[in-house]
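Reader: I have the model open and want the reasoning behind its labels. Can we go through them one at a time?

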Amino acid sequence: MLPEATRLREGAQALGVALTDMQVALLLAYLDLLQRWNSTYNLTALRQRDAMLRQHLLDCIAIVPTLRRALPHGGRMLDVGSGGGLPGVVAAALVESLQVTCVDTVGKKAAFVMQVAASLGLRNLTGVHARVENLALPPFDLIIARAFASLHDFVRLSRASLAPGGAWLAMKGRPPHDELAALPADIDAFHVKRLAVPGLDAERCVVCMRLKAADVGQTV
């Protein structure tokens, strides 16, 4: 089997993301922390390191080209229901122009994200213990979630945190046709992009949404 760094680099390359040596080191250090604290903090149901690399790191790297197109000059991103920092930590490590806030209702998971930020020196990453509907922070240009809730509940709970002209990105498995049909009338699901994650035999997609009255001015 190829070394971890090679598998990570080649997997990212297949997703259109060229990793620097520093970024590879950051992601593998994050994987170390995730694995070390998983039994204490219950961060993920996965226990095998190789599975974490494929199903967490590469799965989250798959969204990076979309993030870069959505906010080519940087901005503020909120990761809702972030858990152990997926995809927020990966986004902060690979898109330095993003200011990433990971929010979770479980205090120890938000604390873990803060520990990751300190350990890896990610000054553009912070963790917040709160319910997203009660979040009292300046609005965000992008709000993202990975397996958080239905699309309807995702936009309902987080819409107060969306900046004018902002967009939601929901990471899903197969395209959620029933959830799309159940969206509020003022939400435009303007793009559903399929993602092919190397080594992962499962469907993946990202659903891009915005308020119909808004114009995000970006192609994601």
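Author: Start with a strand pairing: C102 stands opposite G127 in β3. Keep in mind that this is a predicted model.

Reader: What makes β2 and β3 a pair?

Author: Two strands pair if there are at least two bridges between them. Here 5 bridges join β2 to β3. The criterion is met, and the two strands run parallel.

Reader: How do you know that β1 pairs with β2?

Author: By the bridge count again. Strand β1, residues 75-80, is joined to β2 by 6 bridges. The cut-off is at least two, so β1 and β2 count as paired. They run parallel, and G75 stands opposite L98 in β2.

Reader: What links these strands into β-α-β units?

Author: Helices. β1, α5 and β2 make one right-handed unit. β2, α6 and β3 also make a right-handed β-α-β unit.

Reader: Why is β2 called largely enclosed?

Author: Buried means under 20% relative accessible area. In β2, 6 of the 7 residues are buried, so the rest of the structure largely encloses the strand.

Reader: What makes the span of α6 close to the expected one?

Author: Helix α6 covers residues 107-120, 14 in number. The expectation at 1.5 Å a residue is 20 Å. From first C-alpha to last, α6 reaches 20 Å.

Reader: How do you know that the buried residues of α6 line one face?

Author: Take the list: K109, A110, F112, V113, V116, A117 and L120. Viewed down the axis of α6, these buried residues fall within an arc of 155 degrees, so they line one face. The general rule helps here. An α-helix has 3.6 residues a turn, so residues three or four places apart point the same way.

Reader: What covers those buried residues of α6?

Author: The cover includes α2, α5, β2 and β3. Just after α6, G121 takes a positive phi of about 70 degrees.

Reader: Why is V17 called buried?

Author: Its relative accessible area is 1%. The limit is under 20%, so V17 is buried. V17 is found in the loop between α1 and α2. Leaving aside neighbours within four places in sequence, its contacts are A12, I61, V64, P65, R68 and L94.

Reader: How do you know that N38 counts as buried?

Author: Same test. N38 has 2% relative accessibility, and under 20% is buried. N38 is found in helix α2. Not counting residues up to four places away in sequence, N38 touches L43, T44, L46, R47 and M52.

Definitions and conventions
Residues numbered from 1 in each chain as written. Predicted model: local features only at pLDDT ≥ 70, side-chain atom pairs only at ≥ 80, totals over all residues. Heavy atoms only, no water. Helix = DSSP H or I, 4+ residues; strand = E, 2+ residues; numbered from the N terminus. Expected span 1.5 Å × (residues − 1). Buried < 20%, exposed > 50% of the residue type's maximum accessible area, 1.4 Å probe, protein only. Arc of directions from axis to C-beta. Contact = heavy atoms within 4.5 Å. Right-handed = clockwise from strand over helix to strand, strands pointing away.
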